[in-house]
Amino acid sequence: MAGPFEAATGDGPVPSPDAGRDAAVRAAFEGLLHIRRVMNASGPAQWERLQPVRAVALALEAAGIEPSAVDEEGRRYATGYRVGATEGAAVRVEWLGPPGSGAEYAANESLRRCAAALRPLGWLALEYRGPRRHHYLEVEPAG
């Protein structure tokens with residue numbers, strides 16, 4: 001029996017691309033939108049604000065954006081988004097891949113695609129450039 005659904009954050013294995021996973025992502029995302037309707041929230045509802053990493057990862061996966069992935073030893077083997085916690089209410093979205101994958105060259109455009117998926121859902125996504133020109137997004141509830 002499968003465990004509870006978890007959105008892909010980019011720090012685990014690549015979720016199996018099958019109809020069951022697609023249906024689980026769709027159902028979880030529709031549930032999130034239903035919570036917003038019930039709570040009359042125009043942006044992220046309380047659950048999303050309390051668990052922003054999970055909420056942002058779910059929104060990105062539901063938008064069809066591919067997550068990064070790491071193996072059992074922590075080595076990155078797939079290129080895609082990685083959502084991680086920061087201090088405060090924001091989360092950090094990075095575009096990562098294995099060494100030599102060229103992920104850093106695709107980061108700018110890929111992160112813009114992530115931001116475009118998050119903004120209509122009420123998330124503020126600001127692009128930053130860190131050390132060694134590493135691009136990333138800081139994402140937090142708008143307003």
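**Figure 1. The buried residues of helix H3 are Pro52, Ala55, Val56, Ala57, Leu58, Ala59, Leu60 and Glu61.** Welcome to this predicted model; our tour opens at helix H3, which spans residues 52-62. Eight of the eleven residues in H3 are buried, and the helix is described as mostly covered. Keep an eye on Leu58, Ala59 and Glu61 in this view, since these buried residues return in the next legend. Just past the helix comes Gly64, with a positive phi near 85 degrees.

**Figure 2. Helices H1 and H3 pack against each other at an angle of about 125 degrees.** Here H3 meets helix H1, which covers residues 19-38, and their axes are 10 Å apart. Angles from 65 to 115 degrees would count as roughly perpendicular and those over 145 as roughly antiparallel, so this pair is classed as oblique. The crossing of the two helices is left-handed. On the H1 side, Arg21, Val25, Ala28, Phe29 and Leu32 make the contact, while H3 brings Leu58, Ala59, Glu61 and Ala62. Sorted by class, the residues in this contact are seven nonpolar, two charged and no polar ones.

**Figure 3. Val25 is a buried residue of helix H1.** Moving in on H1, we can pick out Val25 within the helix. Its relative accessibility is 7%, and because buried means under 20%, Val25 counts as buried. Which residues does Val25 touch, leaving aside those up to four places away in sequence? They are Phe5, Leu58, Glu61 and Ala62. Of these names, Leu58, Glu61 and Ala62 also appear on the H3 side of the contact between H1 and H3. Another residue to find in this view is Ala7: the C-alpha atoms of Val25 and Ala7 are separated by 7.4 Å, and the two residues are 18 apart along the chain.

**Figure 4. Helices H3 and H4 cross at roughly 105 degrees.** Helix H4 runs over residues 103-118, and its axis comes within 9 Å of the axis of H3. An angle between 65 and 115 degrees counts as roughly perpendicular, and therefore H3 is roughly perpendicular to H4. Look for Val56, Ala59 and Leu60 on H3, and for Cys114, Ala117 and Leu118 on H4, as these residues make the contact. By class, this contact has six nonpolar residues, with no polar and no charged ones.

**Figure 5. Ala59 of helix H3 is buried.** Ala59 belongs to the H3 side of the contact with H1 and also to the H3 side of the contact with H4. With a relative accessible area of 5%, Ala59 is buried. Residues up to four places away in sequence aside, Ala59 touches Phe29, Leu118 and Leu121. The C-alpha atoms of Ala59 and Leu32 lie 9.3 Å from each other, with their positions 27 residues apart along the chain.

**Figure 6. Asn40 has a positive phi of about 55 degrees although it is not a glycine.** Most residues other than glycine have a negative phi. Where does Asn40 lie? Its place is the loop between H1 and helix H2, the latter covering residues 46-50. Exposed means over 50% relative accessible area, so Asn40, at 71%, counts as exposed.

**Figure 7. The side chain of Glu94 makes a polar contact with the side chain of His134.** Glu94 is found in strand E4, which covers residues 91-96. This residue is buried, with a relative accessible area of 12%. The distance in its polar contact with His134 is 2.9 Å. Among the residues that Glu94 touches, not counting those up to four places away in sequence, are Gly80, Tyr81, Arg82, Leu111 and Tyr136.

**Figure 8. Arg76 reaches Gly10 and Asp11 through its side chain.** Our last stop is strand E2, residues 76-78, where Arg76 lies. Is Arg76 buried or exposed? It is buried, with a relative accessible area of 19%, since the cut-off for buried is under 20%. A polar atom of the Arg76 side chain lies 2.7 Å from the backbone oxygen of Gly10. The side chains of Arg76 and Asp11 are joined by a polar contact of 3.4 Å. Not counting residues up to four places away in sequence, Arg76 also touches others, including Ser68, Ala69, Val70, Arg82, Leu96, Gly97, Pro98 and Pro99.

Conventions
Residues numbered from 1 in each chain as written. Predicted model: local features only at pLDDT ≥ 70, side-chain atom pairs only at ≥ 80, totals over all residues. Heavy atoms only, no water. Buried < 20%, exposed > 50% of the residue type's maximum accessible area, 1.4 Å probe, protein only. Helix = DSSP H or I, 4+ residues; strand = E, 2+ residues; numbered from the N terminus. Axes fitted to C-alpha atoms, helices over the stretch in contact; angles between N-to-C directions. Parallel < 35°, antiparallel > 145°, perpendicular 65-115°, else oblique. Left-handed = near helix turned anticlockwise from the far one by under 90°. Contact = heavy atoms within 4.5 Å. Nonpolar A, V, L, I, M, F, W, Y, C, P; charged D, E, K, R; others polar. Polar contact = N/O pair within 3.5 Å; in protein donor to acceptor, adjacent residues only side chain to side chain.
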